[in-house]
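Hi,

Here is the structure I promised to pass on. Have a look at it first, and then read my notes below.

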Amino acid sequence: MTRPRTYLDWNATAPLRPQARAAMVAALDAIGNPSSVHAEGRHARRLVEDAREQVAALVGAQPGEVVFTSGATEANVWVHSRAWRRIFCAGIEHPSVLAPTEAGHTQRIALPVGRDGVVDRDALASILAARGEATGTPPGASLLSLQWGNNETGVIQPIAEAVEIAVRHGDVVVSDAVQAAGRVPLDFARSGLAYMTVSAHKLGGPKGIGALIVRSGTPMSPLLTGGGQERRLRAGTENVAAIAGFGAAADAAAREIGSYARIESLRDGLEAEVRAIEPKALIVGGGAPRLPNTSCIALPSRSAETAVVAFDLAGVAVSAGAACSSGKVAASHVLAAMGLSEPITRSAIRVSLGPTTTQEDIAAFMAAFMDITGRVARAA
Ligand code: PMP
């Protein structure tokens with residue numbers, strides 16, 4: 001008999017929600033092009049616009065502020081590749097934020113991060129104040145990029161305070177809210193953010209679809225020109241089935257956000273057990289505000305890669321650092337940016353839970369954990 005698998009890698013991607021699957025299957029049979037004026041076209045348009053409303057409702061935005069993209073990578077690269085004078089951001093950001101800031105056509109100014117994973121508010125205020133702006137620089141020339149919640153540690157950033165500081169200096173702010181959406185309440189309208197990015201597959205929608213939320217009135221240059229789709233910002237016939245799946249997943253996630261109290265207590269229970277068994281285990285970011293589903297556990301002297309393989313063999317899916325960078329054995333850039341030592345950056349595993357995670361899943365993880373730590377200890 002094959003052993004049942006335990007999936008604890010929801011930050012890499014979440015299983016497809018049944019509502020998303022049903023919406024996608026139905027949309028696959030919608031034959032019209034959303035730009036066509038006939039009944040078939042209007043039906044496809046309705047599917048796209050309903051989904052836009054559902055995604056907008058999840059993040060507290062207006063439907064007209066939602067631009068569908070091929071995922072959060074596209075949305076992040078799009079915003080960060082604009083002709084900014086400066087981009088202020090920390091090394092804990094996702095590679096899809098960091099890579100375009102390294103392209104060289106803009107000045108990237110690094111924000112320091114504390115060992116708890118939180119961007120230092122005082123340093124942020126003084127760095128934004130100290131730029132020595134040339135007189136006559138128009139407001140809105142520079143971008144502050146600050147993720148809502150981290151994909152590896154779950155640490156939540158002080159978005160409201162950061163926006164307040166940035167706005168005082170005339171900067172616009174973008175937040176990568178990929179890991180936060182559906183897990184903590186988001187209110188784009190009240191956030192003061194100019195842009196926000198989200199992805200469907202982290203909240204139970206399909207992979208390959210996401211959105212850039214652009215505050216109404218904020219300038220945005222088109223990503224793709226051609227047809228007039230997505231308010232002339234992103235030409236091309238819409239991926240109707242994926243968009244419909246995203247909408248259904250966003251709707252289900254919004255209804256279920258209260259269930260994260262249960263998930264948080266499962267996560268906290270897991271961490272308490274880990275610490276009881278392995279007192280040397282470090283819960284990275286454990287002292288900071290965190291997403292309720294994420295645990296980043298460092299077991300110094302045990303390579304994360306070996307641990308992930310051992311968990312996998314035991315039937316438990318977890319990851320070493322970010323899944324996006326798995327395949328290469330690299331220390332976590334997020335943990336390095338937090339100033340943590342190499343033994344920690346190379347040993348941290350990420351355990352991430354979701355709405356269907358059960359106490360039995362946690363028990364399966366703990367059984368594997370005891371086996372793995374015992375085995376490594378015996379071999380040492
Ligand atoms: N930002 C964060 C914080 C992420 O975790 C991810 C997915 N790993 C992305 C952006 C990229 O999203 P997508 O997979 O939709 O391109």
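Helix H5 (residues 121-129) lies across three strands, namely S3 (86-90), S4 and S5 (143-145). Against S4, helix H5 runs at about 155 degrees. Before you read too much into any of this, keep in mind that the model is predicted.

Those three strands belong to an open sheet of 7 strands, and the order across the sheet is S2-S8-S7-S6-S5-S3-S4, with mixed pairing. Which strands stand at the edges? They are S2 (66-69) and S4 (107-111); each has a single partner strand, so one side of each is left without a neighbour in the sheet. On average, and ignoring direction, neighbouring strands here are turned by 20 degrees against each other.

At the S2 edge, the partner is S8 (residues 210-214), and the two pair in the antiparallel sense over 4 bridges. If you want a spot to click on, try Val66, whose bridge partner in S8 is Ile213.

Now to a pair of helices. In general, two packed helices are described by the angle between their axes and the distance between the axes. For H2 (residues 39-59) and H8 (residues 240-255), the angle is about 35 degrees and the axes are 8 Å apart. Their crossing is left-handed. On the H2 side the contact includes Ala44, Leu47, Val48 and Ala51, while H8 contributes, among others, Ile243, Ala244, Phe246 and Gly247. What kinds of residues make up this contact? They divide into 14 nonpolar, 2 polar and 1 charged.

One residue I also looked at is Ala160, which lies in helix H6 (residues 159-168). Is Ala160 buried or exposed? With a relative accessible area of 59%, Ala160 is exposed; the cut-off for that is over 50%. Ala160 and Arg190 are 30 residues apart in sequence, and their C-alpha atoms are 9.2 Å apart in space.

Finally, the whole protein. The secondary structure comes to 13 helices and 13 strands. The radius of gyration is 21 Å, close to the 21 Å that the globule rule gives for 380 residues, so the protein is as compact as a globular protein of that length. Along its principal axes, the C-alpha trace spans about 70 × 55 × 35 Å. Buried residues make up 54% of the 380 residues. And if you take contacts between residues at least 6 apart in sequence, 70% of them join residues at least 24 apart.

Cheers

Terms used: Residues are numbered from 1 along each chain as its sequence is written. This is a predicted model: local features need pLDDT of at least 70, side-chain atom pairs count only at pLDDT 80 or more; totals for chains, interfaces and linings use all residues. Side-chain values use heavy atoms; hydrogens and water are left out. Axes are lines fitted to C-alpha atoms, for helices over the stretch in contact, and angles run from 0 to 180 degrees between N-to-C directions. A crossing is left-handed if the near helix is turned anticlockwise from the far one by less than a right angle, and right-handed if clockwise. Contact means heavy atoms within 4.5 Å. Ala, Val, Leu, Ile, Met, Phe, Trp, Tyr, Cys and Pro count as nonpolar, Asp, Glu, Lys and Arg as charged, and the others, Gly among them, as polar. Two strands pair if DSSP finds at least two bridges between them. The radius of gyration is taken over C-alpha atoms; the globule rule is 2.2 Å times the number of residues to the power 0.38. Buried means under 20% relative accessible area, exposed over 50%, partly exposed in between (1.4 Å probe, protein chains only).
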